[in-house]
Amino acid sequence: MSHTLPLRVYYEDTDAGGVVYHANYLRFAERGRSEWLRSLGLDHRHLREEYGRQIVVRRCQVEFRRPARLDDALSVSTQLVDIKGARIHLLQRIEGPGAALVELAVELAVVDPQGRPCRLPEPLRAALDAARGPPRDA
């Protein structure tokens, strides 16, 4: 299961040359992850208030392929790759007009209010398992 978030590049996202500043791709990816969680019926506030858990980025590997420019229509796709204990592995892709622009391999960690890793709350685990779908035959 993949979730896609449409975005538009605004003036505030670009440098003086009208090209998206590299750090803004991380912001776009964060929005994509947040909306992906929301599409599963769980948002950050709900996880914090109901279960005392937060999801934080533990590791992020970014590959920049092509630049986005002012006024480009983009899409941020978020795909679940794996779940292990307190970690969630995602693949995110930011695409622009006719091309893949940026790919991100993201490892998320579920933590308690003190920042210690902890297992996923059961409703989150169930939603992620449902999003992943049935296991494939080898």
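These legends walk you through close-up views of a predicted model.

**View 1. Tyr-25 and Phe-28 meet edge-to-face in helix H1.**
Two aromatic pairs turn up when the whole structure is searched. In the pair shown here, the ring centres of Tyr-25 and Phe-28 sit 6.0 Å apart and the planes make an angle of 85 degrees, so the pair is edge-to-face. To follow that reasoning, it helps to know that planes over 60 degrees apart count as edge-to-face. Tyr-25 and Phe-28 are three residues apart in helix H1 (residues 24-39), which separates them by about one helical turn. Tyr-25 is buried, with a relative accessible area of 3%, and Phe-28 is buried too, at 1%.

**View 2. Tyr-25 also pairs with Phe-64.**
Here the ring centres of Tyr-25 and Phe-64 are 5.8 Å apart with planes at 65 degrees, so this pair is edge-to-face. Tyr-25 belongs to helix H1 and Phe-64 to strand S2 (residues 54-64), so the pair ties together parts that are 39 residues apart in sequence. Is Phe-64 buried or partly exposed? Phe-64 is partly exposed, with a relative accessible area of 45%. Through these ring pairs, Tyr-25, Phe-28 and Phe-64 are linked into a cluster.

**View 3. Strand S4 has side chains that alternate between two faces.**
In a regular strand, side chains alternate between the two faces of the sheet. Look along strand S4 (residues 87-96) and you can see the alternation: Ile-88, Leu-90, Gln-92, Ile-94 and Gly-96 point to one face and are buried. Arg-87, His-89, Leu-91, Arg-93 and Glu-95 point to the other face and are not buried.

**View 4. Strand S4 pairs with S3 and with S5.**
Strand S3 (residues 73-84) and S4 run antiparallel and are joined by nine bridges. Within this pairing, Lys-84 stands opposite Arg-87 in S4. The hairpin of S3 and S4 has two residues between the strands, and Gly-85 there takes a positive phi near 55 degrees. S4 also pairs with strand S5 (residues 99-111) in the antiparallel sense, over 10 bridges. Glu-95 has Ala-100 in S5 as its bridge partner. The hairpin of S4 and S5 again has two residues between the strands, and Gly-98 takes a positive phi near 75 degrees.

**View 5. Cys-60 and Cys-118 in a model with zero disulfides.**
A disulfide is a covalent bond between the sulfur atoms of two cysteines. With a cut-off of 2.5 Å between cysteine sulfur atoms, the count comes to zero disulfides. Cys-60 is partly exposed, with a relative accessible area of 33%, whereas Cys-118 counts as buried at 13%.

Definitions and conventions. Residues numbered from 1 in each chain as written. Predicted model: local features only at pLDDT ≥ 70, side-chain atom pairs only at ≥ 80, totals over all residues. Heavy atoms only, no water. Phe/Tyr/Trp six-rings, centres within 6.5 Å; stacked < 30°, edge-to-face > 60°. Helix = DSSP H or I, 4+ residues; strand = E, 2+ residues; numbered from the N terminus. Buried < 20%, exposed > 50% of the residue type's maximum accessible area, 1.4 Å probe, protein only. Pairing = 2+ DSSP bridges.
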